[in-house]
Amino acid sequence: MLKDVHARLTQSELAHLGAGEVGYIRKMRSEEVSRCFPEAPEIDPSLDLWALFGADGTPILLTDNRSSTFFKAAEDDLKTVSLH
């Protein structure tokens, strides 16, 4: 059934699925930060970092406090999912 849904969506429609409604939270390593958040300063590699992204992968927030990602998502009216 999911295969049928995918066949009906254009690549653009699939990329925008959940935009403005869904955000995802993921733990990041410091060496990954510059790829997603190029404006971020150099970060201590011992820190546990958490990032909030829009459904389309747009970076929204980077923090060392996981709870902050949920607060920001709620503030932006985003339903959250976690990626591991």
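What does the accessible surface of the protein come to, and what share of it belongs to carbon and sulfur atoms? In this predicted model, the accessible surface comes to about 6200 Å². Carbon and sulfur atoms account for 54% of that area. The protein has 84 residues, and 25% of them are buried.

The fold contains four helices and four strands. Along the sequence, these elements follow the pattern α-α-β-α-β-β-α-β. Distant parts of the chain also meet. Among contacts between residues at least 6 apart in sequence, 43% join residues at least 24 apart.

Confidence varies along the model. The mean pLDDT of the protein is 80. A value of 70 or more is reached by 74% of the residues. Among the elements, strand β3 (residues 59-63) has the highest mean pLDDT, at 94. Helix α2 (residues 11-15) has the lowest, at 55. Where pLDDT is low, the predicted coordinates should not be read in detail.

Strand β1 is mostly covered, with five of its seven residues buried. It runs antiparallel to β2, and six bridges join the two strands. G23 gives a detailed view of this pairing. This glycine lies in β1 and stands opposite G54 in β2. The two glycines are 31 residues apart along the chain, yet their C-alpha atoms are separated by 4.5 Å.

Is G23 buried or exposed? G23 counts as buried because its relative accessibility is 0%, below the 20% cut-off. Its contacts, leaving aside neighbours within four places in sequence, fall in two stretches of numbering. One group is L52, F53, G54 and A55. The other is L78, K79, T80 and V81.

Which residues make up the largest nonpolar core? This core holds eight residues: Y24, M28, V33, C36, F37, L49, A51 and F53. Three elements each supply at least two of these residues, namely β1 (22-28), α3 and β2 (49-54). The largest share, three residues, comes from β2. Apart from this core lies another, of five residues. I25, L52, A73 and L78 are among the members of that second core.

F53 belongs to the largest core. Its contacts beyond four places in sequence include G23, Y24, R26 and M28. C36 and F37 are also in contact with F53. So are T58, P59 and I60. Several of these partners reappear in the core itself, including Y24, M28, C36 and F37.

The stretch that leads into helix α3 brings together two neighbours in contrasting settings. R29 lies in the loop between β1 and α3. This arginine counts as exposed because its relative accessibility is 52%, over the 50% cut-off. Its C-alpha atom is separated by 7.0 Å from that of D48, which is 19 residues away along the chain.

S30 lies in helix α3, which covers residues 30-36. Unlike an exposed residue, S30 is buried because its relative accessible area is 15%, under the 20% limit. Leaving aside neighbours within four places in sequence, S30 is in contact with I43, D44, P45 and L49. L49 is also one of the residues of the largest nonpolar core.

E31 links both residues through side-chain polar contacts. The contact between the side chains of R29 and E31 is 2.7 Å. The contact between the side chains of S30 and E31 is 3.5 Å.

Helix α4 has a notable residue at its start and another after it. At the start of α4, a side-chain oxygen of N65 reaches to within 2.9 Å of the backbone nitrogen of S67. After α4 comes D77, whose phi is positive. What is the value of phi in D77? It is near 55°, in a residue other than glycine. Most residues other than glycine have a negative phi.

D77 lies in the loop between α4 (66-75) and β4 (79-83). The residue counts as exposed because its relative accessibility is 66%, over the 50% limit. G23 in β1 offers the opposite case, as it is buried at 0%.

Key:
Residues numbered from 1 in each chain as written. Heavy atoms only, no water. Buried < 20%, exposed > 50% of the residue type's maximum accessible area, 1.4 Å probe, protein only. Polar contact = N/O pair within 3.5 Å; in protein donor to acceptor, adjacent residues only side chain to side chain. Contact = heavy atoms within 4.5 Å. Core = buried A, V, L, I, M, F, W, Y, C linked by side-chain atoms within 4.5 Å. Areas by Shrake-Rupley, 256 points an atom, 1.4 Å probe, with all protein chains shown as cover. Pairing = 2+ DSSP bridges. pLDDT = per-residue confidence, 0-100.
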